[in-house]
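User: I am new to this structure and would be grateful for a close look at its nonpolar interior. Please set out how that part is built, and then place it among the other features.

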Amino acid sequence: MYIESFKQHFSAIDDHRQSAKVTYPLFDVLFGSLCAVIASSNGWFEIREYILGHHSWFKKQKMFIDGIPADDTIARIVSMIDPDSFNACFLAWMKSVHQLTNGEVIAIDGKTLRGSYNRDDRSSTIHMISAYASANKLVLGQLKAEQKSNEITAIPTLLKMLDLRGALVTIDAMGCQTAIATTIIDKGGDYLLAVKNNQGNLAKAVNKAFSPHRSAGLSDDHVNIEKSHGRIENRTCYVLSSAALDGDFTHWEALKSIVMVESFRAVKGKTASLEYRYYISSKVLSAEQALSATREHWGIESMHWVLDVSMNEDECQIYKNNGAENLAYLRHMSLNMLQKEPTKLSIVGKRKRCLMNPAFLEKVLIAGLCAPTK
């Protein structure tokens with residue numbers, strides 16, 4: 001069932017090799033690589049070792065009947081896959097297994113693949129922009145940007161690939177651009193964008209609107225207090241209508257609300273800190289909704305942390321051809337499937353269990369490829 005589902009969504013990827021010279025089918029290599037990445041493999045050699053160690057299981061699935069390719073062959077086959085085609089299949093897969101709910105937060109953020117640079121050009125490091133459904137902890141889509149500075153141009157392209165109807169899209173200050181706001185509205189979503197000094201006039205106007213409230217709270221504010229391990233964090237959220245802005249900001253499509261989050265943090269043995277963060281939104285939000293959305297945005301940072309710490313993404317030194325980008329897609333696919341598998345284990349624990357037990361791998365594949373998220 002899961003194999004047929006994988007074929008259904010990823011068979012559109014073209015194999016550009018000469019058919020007469022093909023020993024190892026593209027599907028076998030791609031599916032085997034996915035299974036290996038789920039089960040803790042971090043490079044071509046480890047992918048081959050995983051397939052070799054579970055060759056009997058793959059043969060039962062009618063794969064690798066003629067043997068297992070060398071790691072260089074796996075690298076060449078996966079690296080020659082067109083990333084745009086791979087990404088299109090990924091997006092179609094996620095649309096089929098993830099059902100967007102009204103008001104769901106979709107966080108957009110970028111992450112650098114630190115080992116992905118060409119060894120003759122350090123500046124060639126790949127930067128991936130991801131869209132993340134915070135509530136279900138799923139990557140909905142991703143797109144490569146050559147450098148972090150290209151995020152502004154890459155984000156609208158990624159947004160146009162997604163179904164945003166009814167979603168609340170959150171982006172940090174780099175994405176606070178009128179073109180990005182318009183793209184989100186045009187796609188049927190709402191935006192919640194962080195505001196900093198890269199939008200000077202807007203930042204000044206938002207700051208001024210909230211100046212009376214930085215010393216005196218509002219009656220309808222929402223307060224969130226967290227205490228743990230000698231740390232106290234107190235977040236207070238205020239929301240005003242965009243009519244409170246002094247100036248003409250009608251060029252911001254459908255702008256309705258401005259938000260301030262006051263964050264007080266005290267850690268034992270350290271100086272207490274007070275920070276203010278500002279946002280604009282096309283949605284009429286309560287203080288509670290706004291604070292919840294700003295907190296949910298940080299889920300994408302947690303996802304990046306998992307990719308680095310649990311899946312060793314930053315340590316991956318693969319960079320030739322499309323290898324780094326396609327492996328990033330495989331890691332995102334793997335993480336989505338591992339997140340959806342309901343066993344109460346960490347991502348590391350699930351990957352180790354997949355490594356040792358093909359039956360558990362099958363549970364992960366079924367959860368990821370077949371069961372829609374409600």
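Analyst: Helices and strands are here DSSP runs, of at least four residues for a helix and at least two for a strand, numbered from the N terminus. The model is a predicted one.

The setting of the interior is given by the domains. The domain assignment divides the protein into domain 1, made of 1–81 + 341–369, and domain 2, made of 94–308. The centres of domain 1 and domain 2, taken over C-alpha atoms, are separated by 35 Å.

The largest nonpolar core holds 107 residues, and the members that touch the most others are F31, W252, I280, M333 and L365. This core lies between the domains, because domain 1 and domain 2 both give residues to it. Another core, of 15 residues, lies apart from it and includes V259, V261, Y279 and L285.

Two of the members named above repay a closer view. F31 belongs to helix α2, residues 26–38. A residue is called buried when its relative accessible area is under 20%; F31 stands at 0% and therefore counts as buried. Not counting residues up to four places away in sequence, F31 touches Y2, I3, F6, W57, F58, M63 and L365. Of these contacts, M63 is 32 residues from F31 in sequence, with 9.2 Å between their C-alpha atoms. The contact with L365 can be read from the other side as well: leaving aside neighbours within four places in sequence, L365 is in contact with Y2, F31, L34, C35, I38, W57, M337 and C370. Y2 and W57 thus appear in the list for F31 and in that for L365.

A polar side chain may be set beside this picture. S334 is part of helix α12, residues 323–340, and it counts as buried because its relative accessibility is 0%. Its contacts, with neighbours within four places in sequence left aside, are L34, V37, I38 and M311. L34 and I38 are also among the contacts of L365.

The loops offer a further view. I13 sits in the loop between α1 (2–10) and α2, and at 7% relative accessibility it counts as buried. Beyond its neighbours up to four places away in sequence, I13 touches L26, L30, I81, S85, F86 and C89. By contrast, A254, in the loop between β7 (231–241) and β8 (257–267), is partly exposed because its relative accessible area is 31%. N312, found in the loop between α11 (299–309) and α12, likewise counts as partly exposed, at 22%. Their backbones deserve notice, since most residues other than glycine have a negative phi. The phi of A254 is positive, near 60 degrees, and that of N312 is positive too, at about 55 degrees.

Finally, there is the largest pocket, with a volume of about 300 Å³. Its lining consists of 19 residues, and A194, K196, R277, Y279 and W298 lie nearest its centre. Y279 is also one of the members of the 15-residue core. At least two lining residues come from each of β4 (168–171), β5 (190–195), β9 (273–281) and α10 (287–297), with β9 giving the largest share, 5 residues. In character the lining comprises 10 nonpolar, 3 polar and 6 charged residues.

Technical notes:
Residues are numbered from 1 along each chain as its sequence is written. This is a predicted model: local features need pLDDT of at least 70, side-chain atom pairs count only at pLDDT 80 or more; totals for chains, interfaces and linings use all residues. Side-chain values use heavy atoms; hydrogens and water are left out. A nonpolar core is a set of buried Ala, Val, Leu, Ile, Met, Phe, Trp, Tyr and Cys residues joined through side-chain atoms within 4.5 Å. Buried means under 20% relative accessible area, exposed over 50%, partly exposed in between (1.4 Å probe, protein chains only). Domain bounds come from an automatic or database domain assignment. Contact means heavy atoms within 4.5 Å. On a 1 Å grid over the protein atoms alone, a cavity is a set of points where a 1.4 Å probe fits but cannot get out, and a pocket is an open set with protein on both sides within 12 Å along at least five of seven lines; lining residues have an atom within 4 Å of a point. Grid points are joined across faces, edges and corners, and a volume is the space filled by probe spheres set on the points. Ala, Val, Leu, Ile, Met, Phe, Trp, Tyr, Cys and Pro count as nonpolar, Asp, Glu, Lys and Arg as charged, and the others, Gly among them, as polar.
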